[in-house]
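Subject: Structure for you to look at

Dear colleague,

I am passing on the structure we spoke about, with some notes on what turned up in it. Please have it open beside this email as you read.

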Amino acid sequence: MPIKTMDDIEREKHKEERGKMRKDISEDINDVIGNINILRKPKKEKRGFLGWAFWIIIFLIIAMVVLNFFLGNIWLLKFFIKNLF
């Protein structure tokens with residue numbers, strides 16, 4: 001078994017502290033890069049039930065307005081043609 005001097009113990013302690021510091025710094029850098037999405041594409045938010053329901057309701061309202069516009073105009077045209085002749 002080799003004999004360790006105080007200098008050897010100090011050197012090992014210093015290496016352990018530097019290794020721990022490097023590990024902490026690299027974890028902090030990875031957290032920062034991970035949070036602001038520098039290297040990764042941002043994740044798309046998945047639509048839940050309320051997201052899909054919102055778009056379905058909007059589509060139905062638009063469809064009703066368009067159908068009402070065309071069918072209402074046809075009914076009015078027939079009504080006025082009957083009254084004119």
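Which residues make the nonpolar surface patch of about 570 Å²? Before the answer, please keep in mind that this is a predicted model. The patch is made by Trp75, Leu76, Phe79, Phe80 and Leu84. Trp75 has its place in helix H2, which covers residues 49–84, and with a relative accessible area of 56% Trp75 is exposed, because the cut-off for that class is over 50%. Two other members of the patch fall into the class below, since Phe79 has a relative accessibility of 39% and counts as partly exposed, while Phe80, at 47%, also counts as partly exposed.

As for the chain as a whole, its secondary structure comes to two helices and zero strands. Of its 85 residues, 0% count as buried, a class that requires under 20% relative accessible area. The accessible surface of the chain comes to about 9100 Å², and 68% of this belongs to carbon and sulfur atoms.

The aromatic side chains deserve a paragraph of their own. The structure holds four aromatic pairs. One of them joins Phe54 and Trp55, whose ring centres are 5.3 Å apart and whose planes stand at 75°, so this pair is edge-to-face. Both partners remain in part accessible, for Phe54 counts as partly exposed at 45% relative accessibility, and Trp55 counts as partly exposed at 46%. Phe79 and Phe80 form an aromatic pair that is edge-to-face, with 5.5 Å from centre to centre and 65° between the planes. Ring pairs also link Trp75, Phe79 and Phe80 into a cluster, and these three residues are among those that make the nonpolar patch described above.

Turning to the charged side chains, the count comes to two salt bridges. In one, the side chains of Glu12 and Lys4 meet, with a distance of 3.5 Å from N to O. Of these two residues, Glu12 counts as partly exposed at 37% relative accessibility, whereas Lys4, at 52%, counts as exposed. In the other, Arg11 forms a salt bridge with Asp8, and the closest N and O atoms are 3.0 Å apart. Arg11 and Asp8 both lie in helix H1, which covers residues 6–36, and they are three residues apart, about one turn of the helix. Arg11 counts as partly exposed at 47% relative accessibility, and Asp8 counts as partly exposed at 24%; the value for Asp8 does not fall in the buried class, because that class is limited to residues under 20%.

There is also a negative surface patch, which is formed by Asp7, Glu10, Glu16 and Glu17. Glu10 has its place in helix H1 and is partly exposed, with a relative accessible area of 46%.

If you would like somewhere to begin, you might display the nonpolar patch of Trp75, Leu76, Phe79, Phe80 and Leu84, and then turn to the negative patch of Asp7, Glu10, Glu16 and Glu17.

With best wishes

Definitions and conventions:
Residues are numbered from 1 along each chain as its sequence is written. This is a predicted model: local features need pLDDT of at least 70, side-chain atom pairs count only at pLDDT 80 or more; totals for chains, interfaces and linings use all residues. Side-chain values use heavy atoms; hydrogens and water are left out. Patches are made of residues with over 30% relative accessible area and no salt bridge: like charges are joined within 9 Å, nonpolar side chains (Val, Leu, Ile, Met, Phe, Trp, Tyr) within 5 Å. Accessible areas come from the Shrake-Rupley method with a 1.4 Å probe; for residues, only the protein chains shown count as cover. A salt bridge is a side-chain nitrogen of Lys or Arg within 4 Å of a carboxyl oxygen of Asp or Glu. Helices (H or I, at least four residues) and strands (E, at least two) are DSSP runs, numbered from the N terminus. Buried means under 20% relative accessible area, exposed over 50%, partly exposed in between (1.4 Å probe, protein chains only). Rings of Phe, Tyr and Trp (its six-membered ring) pair if their centres lie within 6.5 Å; planes under 30 degrees apart count as stacked, over 60 as edge-to-face and the rest as tilted. Lys and Arg count as positive and Asp and Glu as negative; His and the chain ends are not counted. The place of a charge is taken as NZ of Lys, CZ of Arg, CG of Asp or CD of Glu.
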